[in-house]
Amino acid sequence: MRGRRVTRLTIFGAAATLLAGGARGAPAQTATRAPVIAVSDEVGHEVRLVDAGTGATLATIPTNARARGIHASRDGKRVYVALSDDAVNAQSSADAIAVIDVATRRIVERLPAGSDPEQFAVTSDDRWLVASNEDASAASVVALDGGGVAATLVVGIEPEGVAVSPDGRWALVTAETSNSVSIVDLRARVVAGAVLVDPRPRGVAFSVDGARAYVSAEIGGTLSEIDVRRKTVARTVPLEHGAGKPVGVAVSPDGRRVYVANGAADAVSVLDARTLRPVGRVAVGRRPWGIAVSRDGRWIATANGLADTISLIDATTLQVVRTVPAGRRPWGVTFLP
């Protein structure tokens with residue numbers, strides 16, 4: 001979604017002791033290492049490294065462009081962040097996927113990714129990246145070995161959310177204005193179909209087995225489950241009585257839960273993935289947009305855009321265990337292993 005010209009990325013983590021308990025089935029109260037989280041910030045024009053356990057800022061890294069979509073490599077050594085400027089329907093030198101080396105805390109490469117990249121997803125083998133080009137109604141397939149843009153595909157109008165199936169075969173790209181989800185065959189590099197969903201689809205996430213995908217509709221106030229093989233909407237459920245304005249979507253590593261960031265409700269909906277019925281709700285900061293789950297499934301993080309904070313949630317107790325300042329307008333969030 002287009003907004004003010006901005007950028008900031010924040011990485012949390014490092015050693016910390018968090019005590020998780022107070023709920024049935026909660027882990028024992030033993031010391032545990034806080035995860036590392038990376039958060040893109042639209043306004044700060046920098047990358048901030050923060051210790052999630054203490055909330056201390058470790059370093060800041062200037063990016064000099066607007067930052068939105070963000071993901072980490074499988075080994076956690078690199079963070080990819082989508083950068084762009086405010087030029088409409090025009091590609092500039094600011095439009096790129098920045099590659100941040102976590103050890104040196106430096107941007108070491110800028111990968112071309114078409115005009116105005118917003119969201120993207122990385123294949124599980126860390127070889128390819130699929131980015132939505134918001135201004136161009138396109139999606140770019142990018143080689144992460146420096147090979148550049150391998151394909152540019154026409155998708156819906158004002159594309160945003162992107163997810164890649166666990167096996168790397170399919171990519172789904174949501175489109176806010178056309179209310180559609182394009183299904184991309186990454187082997188053939190063609191758009192194999194499209195599905196209509198409720199108004200203004202934003203986030204998308206695959207199930208663990210890749211058979212289904214979950215799409216949030218911000219204006220529709222719903223979450224839709226897509227049958228990927230049949231290329232149809234299997235079911236749609238309202239969130240926050242249809243008034244939550246959901247954006248980010250994430251699935252737990254065991255495939256049992258779906259987490260949705262409801263921007264207007266300042267809360268995360270927790271759904272049973274089998275029934276799509278709510279099993280929990282977590283109040284977080286104002287306007288949560290981005291959401292992510294740690295690799296081990298223990299932690300959830302949200303980027304609270306209008307609170308300028310990140311919420312760290314214990315996935316067992318569904319309690320916020322830490323709220324960390326995150327500059328100005330945090331947008332996306334991801335965990336590093």
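Is Lys231 buried, exposed or partly exposed? Lys231 is partly exposed, because its relative accessible area of 27% falls between the two cut-offs, under 20% for buried and over 50% for exposed. Please keep in mind as you look around that this is a predicted model.

**Two loop residues with positive phi**

Lys231 has a second point of interest, in its backbone. Most residues other than glycine have a negative phi. Lys231, however, has a positive phi, near 60 degrees. Leu318 also has a positive value, with phi near 55 degrees. Here are the two residues, each with its loop.

| Residue | Phi | Loop | Relative accessible area |
|---|---|---|---|
| Lys231 | near 60 degrees | between strand 19 (222-227) and strand 20 (232-238) | 27%, partly exposed |
| Leu318 | near 55 degrees | between strand 27 (309-314) and strand 28 (319-325) | 14%, buried |

Leu318 counts as buried because its 14% is under the 20% cut-off.

**The chain as a whole**

Now let us step back to the fold. The protein chain has 29 strands and zero helices. Of its 337 residues, 58% are buried. Among contacts with a separation of 6 or more, 47% join residues 24 or more positions apart.

**Val173 and its surroundings**

For a buried position within a strand, turn to Val173, which is found in strand 14 (residues 170-175). Val173 counts as buried because its relative accessibility is 1%, under the 20% cut-off. Beyond its neighbours within four places in sequence, Val173 is in contact with Ser132, Ala139, Val155, Pro159, Gly161, Val162, Ser180, Val181, Ser182 and Val184. As for Pro201, it is 28 residues from Val173 in sequence, and the C-alpha atoms of the two are 9.5 Å apart.

**Rings and a charge**

What about the aromatic side chains? The count of aromatic pairs comes to zero. There is, though, a charge over a ring to look at: Arg189 lies over the face of Trp128, at 4.6 Å from the ring centre.

**A pocket to visit**

Finally, we come to a pocket. Rolling a probe the size of a water molecule over the atoms shows where empty space is left. The second largest pocket has a volume of about 240 Å³. Its lining is made up of Ser252, Pro253, Asp254, Arg256, Arg257, Tyr259, Asp272, Val279, Asp296, Gly297, Ala315 and Thr316. By character, these lining residues divide into five charged, four nonpolar and three polar.

Note on methods: Residues numbered from 1 in each chain as written. Predicted model: local features only at pLDDT ≥ 70, side-chain atom pairs only at ≥ 80, totals over all residues. Heavy atoms only, no water. 1 Å grid on protein atoms, 1.4 Å probe; cavity = no way out; pocket = protein on both sides within 12 Å on 5 of 7 lines; lining within 4 Å. Points joined across faces, edges and corners; volume = space filled by probe spheres on them. Nonpolar A, V, L, I, M, F, W, Y, C, P; charged D, E, K, R; others polar. Phe/Tyr/Trp six-rings, centres within 6.5 Å; stacked < 30°, edge-to-face > 60°. Lys NZ or Arg CZ within 6 Å of the ring centre and 35° of its normal. Helix = DSSP H or I, 4+ residues; strand = E, 2+ residues; numbered from the N terminus. Buried < 20%, exposed > 50% of the residue type's maximum accessible area, 1.4 Å probe, protein only. Contact = heavy atoms within 4.5 Å.
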